[in-house]
Each structure stands twice: as structure tokens, then as C-alpha cells.
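Me: Could you take a close look at the aromatic pairs in this model for me? I would like to know how the rings are arranged and how much of them is open to the outside.

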Amino acid sequence: MEKKSCLNTFFARMPIGIVVLFSVGIVLSAAPASYAATGEENTSFGIANYLPIKDKQVTDGDIVSFSPNTGYVLTKKPYDNTIVGVVTLSPAISLETITGNETYPVVSTGDTYINVTTMNGSIKKGDPITTSTIPGKGMKATKTGYIVGVALEGYTNSNMHAVKKISSTLDVNYYVSNASVHSSVFDVLNLSALATYEEPLNVFKYVIASVVVGLSFIFGFFSFARTANKGLEALGRNPLASRMIQIGIVLNIVVAIIIILSGLAVAFFVIRL
């Protein structure tokens with residue numbers, strides 16, 4: 001009976017072992033053989049997706065961005081708000097097995113190596129890393145804007161264009177610099193531009209709602225001001241009709257309030273669409 005119980009346990013657990021072995025096989029087969037042969041790849045502990053990058057000179061550790069017009073390309077502007085991730089030729093895990101001459105594994109989370117320069121100053125451990133004008137290369141972030149991650153080691157070089165791979169933690173987010181108090185107006189403009197790019201329909205709704213509210217306040221104010229002015233003139237000419245004139249002024253105030261409330265209601269309806 002004991003031997004039969006052991007056999008039952010073995011066969012009951014065998015499907016689990018097959019699934020585990022199959023999963024490991026997929027992960028190991030996902031990395032291209034051409035990458036595994038170099039020995040200088042950027043080993044990352046993040047999950048990689050193979051992406052078709054259009055640039056011809058893509059190196060390990062380059063930063064990648066995406067836009068509907070250009071597709072996947074190396075970043076070419078500072079504080080790029082379309083960052084996708086970093087090229088990692090030797091990822092620990094890959095979810096896709098599609099490979100090709102212009103397809104590269106890109107990770108967006110985890111610890112990896114990023115190509116950086118000192119064109120924006122020396123990099124210390126803990127400094128935020130953003131994109132630069134050099135295609136695919138990062139630099140130290142010194143103002144508010146999008147970053148690709150945080151440096152896990154320092155880098156100093158008098159040659160601002162010299163490139164080095166440094167260990168970093170990927171965390172694409174909007175970084176707010178402590179030294180950005182004097183440029184708060186520009187930050188508001190940057191946020192507005194970012195919102196316009198990412199959610200144009202919502203921005204359009206808020207613009208329409210703002211216009212409706214503004215017009216309702218303007219019409220309500222001018223309606224009240226004109227009625228009050230005429231009422232005061234009529235009251236001076238005919239003091240005996242003061243009661244009727246006062247009632248007329250109150251009614252016009254109510255009309256002005258109704259106009260303003262109607263504008264607010266229309267604005268709320270537009271936003272909720």
C-alpha cells in the first residue's frame with residue numbers, strides 16, 4: 001500500500017514538473033544565439049520585449065522611445081516624455097521569441113545598465129538619469145522632466161561625450177527637481193503640453209468647459225451691471241416707482257445667477273462626456 005501511495009503521488013505531481021520544465025525552456029530559448037556569444041551584454045533582471053528599433057546603430061544600454069510617427073527609435077532629446085525602456089541584449093526573462101536584425105530586447109523595469117555621458121555634469125549614486133541629445137544615451141537630470149531611472153553608481157569624466165554603461169534602476173516617471181521653484185511657470189506649461197500629447201480629447205473637453213464657464217460669467221456680470229445701472233437711473237427719475245424698480249433689479253440678478261449656473265451645468269456635462 002505504501003509503494004502504491006508513492007506512485008500515485010509521483011504521477012499526480014508529474015504534470016507540474018512538465019509545466020515548469022516547459023516554461024524554463026521557453027525562457028532559455030528566447031535569447032538569440034548571436035547575443036549569447038558576445039559575452040559583453042547588458043544583463044538585466046527585468047522582463048524584456050523584443051521591439052523593432054529603426055536606428056541602424058543600436059548598442060547595449062541605449063535608451064529607446066516611441067511615437068506614432070517614428071515608431072521605436074533611440075531617444076534624441078533631453079527629458080523625452082516617450083521613453084519606453086533600455087536595450088538589454090542579455091535579459092533574464094523574455095516574453096517574446098521574435099528576433100531579427102533590427103529587433104532588440106528592451107526592458108522597462110528592474111536593474112540594468114544604461115549608457116550615459118557627463119554632458120550635464122558628473123553622476124553620483126542616486127542621481128536621476130534622463131535622456132540627452134546624443135541618440136540613446138543618458139545624462140544626469142538637473143531640472144524637472146521625464147527620467148528613465150536612478151543611478152546605482154557614480155561616473156565622472158572630463159570628456160562630456162565619453163559614453164559609459166552604469167548600473168541603474170529603471171523607473172520611467174516625471175521627476176520634479178528641488179531646484180525648479182524659479183521655473184514653476186515653465187513646469188506648468190510642460191505639464192499642459194504633456195497632457196495635450198497624451199490625452200488630447202480630455203484637454204479639449206476642459207478647454208470647452210472653461211470657455212463656457214467664462215462666457216457665462218461674462219454674460220451674467222454684464223447683464224447684472226446693465227440692469228443695475230438702468231434701474232438706478234429710473235429710480236432717480238421716478239422715485240414713486242421705486243418698489244417696481246427694485247423688484248425689476250432683483251429679477252435681473254436672479255436671471256444673471258441662472259445664466260452663470262447654466263454655464264456651470266453645461267461645463268460639467270461637457271467634462272463628463
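**Aromatic pairs**

Reply: Happy to! At 35% relative accessibility, phenylalanine 66 counts as partly exposed, and please keep in mind that this is a predicted model. Its partner, tyrosine 72, is partly exposed as well, with a relative accessible area of 23%. The count of aromatic pairs comes to three. One of them joins phenylalanine 66 and tyrosine 72, with 4.7 Å from centre to centre and 40° between the planes, a tilted arrangement.

Now for another pair. The ring centres of tyrosine 146 and tyrosine 174 are 5.4 Å apart and the planes stand at 75°, so this pair is edge-to-face; the cut-off for that label is over 60 degrees. Tyrosine 146 belongs to strand 10 (residues 145–151) and tyrosine 174 to strand 11 (residues 164–175), so the pair ties together parts that are 28 residues apart in sequence. Tyrosine 146 counts as buried, at 15% relative accessibility, whereas tyrosine 174 is partly exposed at 25%.

For the setting, the protein chain has five helices and eleven strands. Of its 273 residues, 33% are buried. Among contacts in the chain with a separation of 6 or more, 63% are between residues 24 or more positions apart.

A further aromatic residue is worth a glance: phenylalanine 219, in helix 4 (residues 200–237), counts as exposed at 53% relative accessibility. Phe219 is part of a nonpolar surface patch with Val207, Val211, Leu215, Ile218, Phe221 and Phe222, and together they have about 700 Å² of accessible area.

Definitions and conventions
Residues are numbered from 1 along each chain as its sequence is written. This is a predicted model: local features need pLDDT of at least 70, side-chain atom pairs count only at pLDDT 80 or more; totals for chains, interfaces and linings use all residues. Side-chain values use heavy atoms; hydrogens and water are left out. Patches are made of residues with over 30% relative accessible area and no salt bridge: like charges are joined within 9 Å, nonpolar side chains (Val, Leu, Ile, Met, Phe, Trp, Tyr) within 5 Å. Accessible areas come from the Shrake-Rupley method with a 1.4 Å probe; for residues, only the protein chains shown count as cover. A salt bridge is a side-chain nitrogen of Lys or Arg within 4 Å of a carboxyl oxygen of Asp or Glu. Helices (H or I, at least four residues) and strands (E, at least two) are DSSP runs, numbered from the N terminus. Buried means under 20% relative accessible area, exposed over 50%, partly exposed in between (1.4 Å probe, protein chains only). Contact means heavy atoms within 4.5 Å. Rings of Phe, Tyr and Trp (its six-membered ring) pair if their centres lie within 6.5 Å; planes under 30 degrees apart count as stacked, over 60 as edge-to-face and the rest as tilted.
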